[in-house]
Amino acid sequence: MTAAGASWSPPIPAGRRVGRFDLLVRLVRRPEGAFGVLILAIFAALALAPDFFVGPLQTAVTAHGTRLSPPSAAFPLGTDELRRDMLNLTVHGARVSMAIGLLATLVTVFIGAVVGIVSGFVGGRVDAVLMRITDFFLVIPTFVLALILTPIIRDLVGSGSTEILGIRMTLIVIVIVIGITSWSSSARIIRSQTLSLKERAFVDRARVIGAGSGHIMRRHILPNVINLIVANSVLVFAGAVLTETTLSFVGLGDPFQPSWGQLLEAARSVGAPGLGAWWYFVPPGVCIVLVVFAFTLVGGALDDLLNPKRRGRA
Amino acid sequence: MTAAVPRPDRPPRALPRLAVAGAPLLEVDDLKTHFRLAGEVVRAVDGVSFRLDAGEALGIAGESGCGKTTTALSLVRLLPANASIVGGSIRLHGIDLATKSDTAIRRYRWREISIVFQGAMNALNPVARVRDQIAEPIVERLGVDARTARRRAGELLELVGIPRARGSAYPHELSGGMRQRAMIAMALACDPAIVIGDEPTTALDVMVQAQILDLLERLRERLGLSLILITHDLSVIAETCDRVLIMYAGRVAEEGPVAQVFTRPRHPYTQKLLAAFPNIQADRRTLDVIPGTPPDLRTPPPGCRFAPRCPLAMAVCSEVVPPEVTFADRVRVACHLYSEGSSGEPVLVPAAATVGRA
Amino acid sequence: MSGSYLARRFGSALFTIALIVLVNFVLFRALPGSPERVILRGTPNVTPAQLEAARERWGLNDPVFPDQFVAFLGATVSGDLGYSFVARGQTVGQVLAQRIWPTVILFGLGELVAIVLGLALGAYSGWRRGGPVDVVGNGISLILYSTPYFLLGMALLLVFATGLRWFPTFGMLTAGATYPDIWARLGDFVSHLALPLATVGLGLVGQYAIVMRSSIVETLSEDYVTTARGMGLSEGRILRHHALPNALLPTVSLIAINLGYVVAGAITVEVVFNWPGLGTLAVEALTARDYPVLQGVFLLLSVSVVLANLLADLVYGVLDPRVRT
């Protein structure tokens, strides 16, 4: 804890962007950062315009391969049991998986940031209660909770075919469930940062001139935790992709909008590993590993960059 | 086996096997220790020489970053992985420690020379009892059985003023002053010839500081210890040490008996250091600070390293490394203001009469 | 260990368990179909009197809070978790009991193996930082960390069961097999256990190795390790007596925190290998919308994780004297 006024550095004014680009440049200078960003760029391209790369998503109707055939010239990644092209499915899966990951990250980080900043800044009983709830969500196996919540919420919401941002409602429910169950570690991290910022002189300064709590939280605390939130979001994204994959794998995915996890579930229920049909589950699997690995690398590198104390250690 | 508890008729300590007869206790000659940092070389210690005789207390003083801690770590060969001794010698009883391998050096550690670190919490193992930590080197290095070692540890605790019963405590249960005492007890465990104290009182409040210094002084008398005290606090040196070594930017500025150096400082840096010390009894005046900052040791200035900040600098100072001259009162200085006079007594260089920034 | 430390830890665990039951209660009230379905579904020919008695026991005639919650709490604690929607006439408790041991064996052994191997590997990697074991081990650990357990399982299945035919492809025992003696049965069990166990183990080893490694690296730069070196102690002694005891502390904490996440992985591994444990039960219940069983699994797994965390806290208290006061 710094003594009041012991180390003062000017707070970042709201909206200043230079800090973030500088971070990106420093990130790419590191080999793991560059590798991670490259992988993510590739998958982002695939996710944003899958039709451009492989045409529209194949359905059982438009499929024209033979059932479960290994890779060949016509089908570089083989076919599934509905005779669809695995390459087509995998690339479209990128869009679904990444979109859900992104949306879930937004929800998770939003909840985590609100809880973290309010809890850290307001302190006292509010902090105690919020932290109790946060710790609860940290301890319990949230996956099982998600397992229960998803069908309940789906039944509540109904099963129309409305879409948000091109994602079907069934999967939006997964976004919400992931958000509800994953916010706690973000909340803890952001609360820590808020606590240390609270001690800084510029906050006292704002208070002295009569600024209200909400104002201080928005205009002074938030801009200074943004960098931390960004770094944290990257790791949250990795976690969200993994969680969505796992939830889809146990049957909560949408066969009409298959994510990588859904493809893996289909592979398993057809018995692909037992049949030796490696092309059914290896491509989506490799994609998952690459994306999560890349996010973890980038997240770790960002963490190092923002945490000078840990530099030069491991 | 030598006893840690003093006796009036205490026999002299046994010398290490390879000791050279008649050699001084410790003789450091032109020691150079460099760091590798992000592809560049930091010349943290760049030609330091001094000597320590049995029973003496030497203080090494200087501002942060001058290389005093690096010097201390070089003596016990506890440098971090990116640092290494690149030149010079460290002769303990004539045995050069600088060239020994990592396994060979272990022999001399703690039994000949030990070190007390700044008393932060982490200098003691947080999960081990204090008594066991003191007993550990006794068991491992002296081959004593565990029970005797624990008893000896208790004696050492008493010696430094900690009630024996407190030995079963964990480090976090002791106050800062007691932890420092415990570390001193630990440093004495194998009855070394030299104890190095690296800022041993810096983290303590003034009252406790006085007690620790008093303890060190008493131990020195009773056990015939030789001390090397590293500190930036000149008053500590004035109180406890026989001789003082003033370091600046990895080199020796001035060295000699405490009384001489403090009453007749010769090096401009020493003069500034002493002048910067507030005197509670003198008239009030603005604190005399030294303008500028110490040089970057990756690219130190040629010639005298203090020249850029020295009020008495001459043209030659920024070109030629000042040679060391020794005065009759056994004070050594490395400064172009002084040169060997014909009578052997260094004289002030005539050019110094026209004082001004070069 | 001081009584107050124990009391605080127990109290905290108890409070968390109460919260878990509360969540369960909220779900119980919120799920589709009236609560009566939960408590009486399996029983045929229910008379109005029986229905009313059940409603009384579960407090459904009373106001929701606190009375219903207390009744629910009472029922939960006494083991009455309602009836499965799917399994004919079986209580949730019975269903859970049938499936709990395979999970305990798979998961328990997997954790044990992973802790021993992971900590050893991590400690060695951290000790010999930058060495071949470290670099290779770190790379593999990172990749394993990014791989969902079930994917690992599917890959292992493909290579070792389908490809090399060393192991069977699913289940806990060969269906319909008869065994001449206990050893044959045990042997069949072990051959079925091998791949899922390897999957769980591999998934965990990576995490534990990474954590232990960074913990050791951190510890090795502490002042007391430098002092120990200064004493001339052997590297082995320093590692065993100074570095390891301190490096274990954050590792134990992190292992405990991780438990909640590991459950997800364990469930999916069971699914891949058709291992008849709580994981496959959860997915079956999910597919069939058998909410009482799902809630029962949630309760059981959550309470287990809380208890495991409590155990880890106690172990931590033994290892670190600073928290005992």
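## Two strands side by side

How many bridges join strand β9 of chain B to strand β10 of chain B, and do they run parallel or antiparallel? There are 6 bridges between β9 (residues 243–248) and β10 (residues 251–257), and the two strands run antiparallel. Within this pair, B:M247 sits opposite B:V252 of β10(B). Keep in mind that this is a predicted model.

## The rest of the sheet

Zoom out, and β9 and β10 turn out to belong to an open sheet of 8 strands in chain B. Reading across, the order is β6-β7-β8-β3-β9-β10-β12-β11, with mixed pairing. The edges are β6 (113–116) and β11 (324–326) of chain B, each of which pairs on one side only. On average, neighbouring strands here are turned by 20° against each other, ignoring direction.

## Helices on the sheet

Two chain B helices are worth a look here. Helix α1 (residues 68–76) of chain B packs on the sheet, where it touches β3 (57–61), β6, β7 (194–198), β8 (226–231) and β9. The direction of α1 makes about 145° with that of β8(B).

Helix α9 (residues 268–276) of chain B also packs on the sheet, touching β9 and β10. In this case, the helix direction makes about 105° with that of β9(B).

## A nonpolar patch on chain C

Over on chain C, the residues C:I182, C:W183, C:L186 and C:V190 make a nonpolar surface patch of about 460 Å². C:W183 lies in helix α8 (residues 182–220) of chain C. With a relative accessible area of 64%, C:W183 counts as exposed, because the cut-off for that is over 50%.

Note on methods. Residues numbered from 1 in each chain as written. Chains lettered and ligands numbered in written order. Predicted model: local features only at pLDDT ≥ 70, side-chain atom pairs only at ≥ 80, totals over all residues. Heavy atoms only, no water. Pairing = 2+ DSSP bridges. Helix = DSSP H or I, 4+ residues; strand = E, 2+ residues; numbered from the N terminus. Axes fitted to C-alpha atoms, helices over the stretch in contact; angles between N-to-C directions. Contact = heavy atoms within 4.5 Å. Patch = residues over 30% accessible without salt bridge, like charges linked within 9 Å, V, L, I, M, F, W, Y side chains within 5 Å. Areas by Shrake-Rupley, 256 points an atom, 1.4 Å probe, with all protein chains shown as cover. Salt bridge = Lys/Arg side-chain N within 4 Å of Asp/Glu carboxyl O. Buried < 20%, exposed > 50% of the residue type's maximum accessible area, 1.4 Å probe, protein only.
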